[in-house]
Amino acid sequence: MAVSSRIVALSMSLVLVNLIMLSSFSEAKDFMVGGKSNGWEIPSSLKSQPLNQWAQSSRFQLGDSLVWNYETGKDSVLQVTRENYLNCVLTKPIAEYKDGNNTRVELTKSGPYYFISGAKGHCEKGQKLIVVVMAPRSAAPAPSPVDAPAVSPTSGATTTTTTISSSSRLLFIMGFGILALMV
């Protein structure tokens, strides 16, 4: 009986460690647009593009949210297509946000998002933003030909590659550590 209770305890420990690890890696974040409360404004220079510079230095994941602060009635945020972003077209946006302080947009898909100011003339003066959301992490890509082994498999042989993520490796090592403590 002592062995089966140890196995149950080990299983429960591994499940708990797995849940803790998964929850810590999947926390969504709120990003204040521009990195500050007054970031959604006309830039001082058309060439500076501070909003896009800020976005390029940030890493956006699925589930994260963008938060804008601006004065209600004087500005708004329009989510637009790439073409409407490039041409500052205010009509037919994908989404329109007018609620002022703490406008929150959740990033629900990977790829680029395009935002422009809804105030007339602001987009043309550089008040616009491109945010690129990273794709969910998946298995590592196949090695490039440069990384491939110099020796090719013999005729009829098959090659199998197993990829283990760093978090899976950590869980595996922790599981053995817990098992060693229990024995």
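Me: Which residues of strand 3 are buried on one side, and which on the other?

Reply: In a regular strand the side chains alternate between the two faces of the sheet. In strand 3 (residues 77-80), Val77 and Gln79 lie on one side and Leu78 and Val80 on the other, and all four are buried, so both faces are covered. Buried means under 20% relative accessible area, exposed over 50%, and partly exposed in between (1.4 Å probe, protein chains only). Strands (E, at least two residues) and helices (H or I, at least four) are DSSP runs, numbered from the N terminus. This is a predicted model: local features need pLDDT of at least 70, side-chain atom pairs count only at pLDDT 80 or more, and totals for chains, interfaces and linings use all residues. Residues are numbered from 1 along each chain as its sequence is written, and side-chain values use heavy atoms, with hydrogens and water left out.

Me: In what sense does strand 3 pair with strand 4, and over how many bridges?

Reply: Two strands pair if DSSP finds at least two bridges between them. Strand 3 pairs with strand 4 (residues 95-97) in the antiparallel sense, over 3 bridges, and Leu78 stands opposite Glu96 there. Strand 6 is also an antiparallel partner of strand 3, with 4 bridges; Phe115 in strand 6 is the bridge partner of Gln79.

Me: Which residues touch the most other members of the largest nonpolar core?

Reply: A nonpolar core is a set of buried Ala, Val, Leu, Ile, Met, Phe, Trp, Tyr and Cys residues joined through side-chain atoms within 4.5 Å. The largest one here has 18 residues, and Trp40, Phe60, Leu66, Trp68, Phe115, Leu129 and Val131 touch the most other members. At least two residues each come from helix 2 (50-56), strand 2 (65-68), strand 6 (111-117) and strand 7 (128-133). Another core, of 7 residues, lies apart from it and includes Cys88, Tyr114, Ile116 and Cys123.

Me: Where is Gln127, and is it buried or exposed?

Reply: Gln127 sits in the loop between strand 6 and strand 7. Its relative accessible area is 1%, so Gln127 is buried. Not counting residues up to four places away in sequence, Gln127 touches Trp40, Glu41, Ile42, Pro43, Asp75, Ile116, Ser117 and His122, where contact means heavy atoms within 4.5 Å.

Me: With which side chain does the side chain of Gln127 make a polar contact?

Reply: A polar contact is a pair of N or O atoms within 3.5 Å; within protein, one must be able to donate a hydrogen and the other to accept it, and residues adjacent in sequence count only if both atoms are side-chain atoms. The partner is the side chain of His122, at 2.7 Å. A polar atom of the Gln127 side chain also lies 3.4 Å from the backbone oxygen of Trp40.
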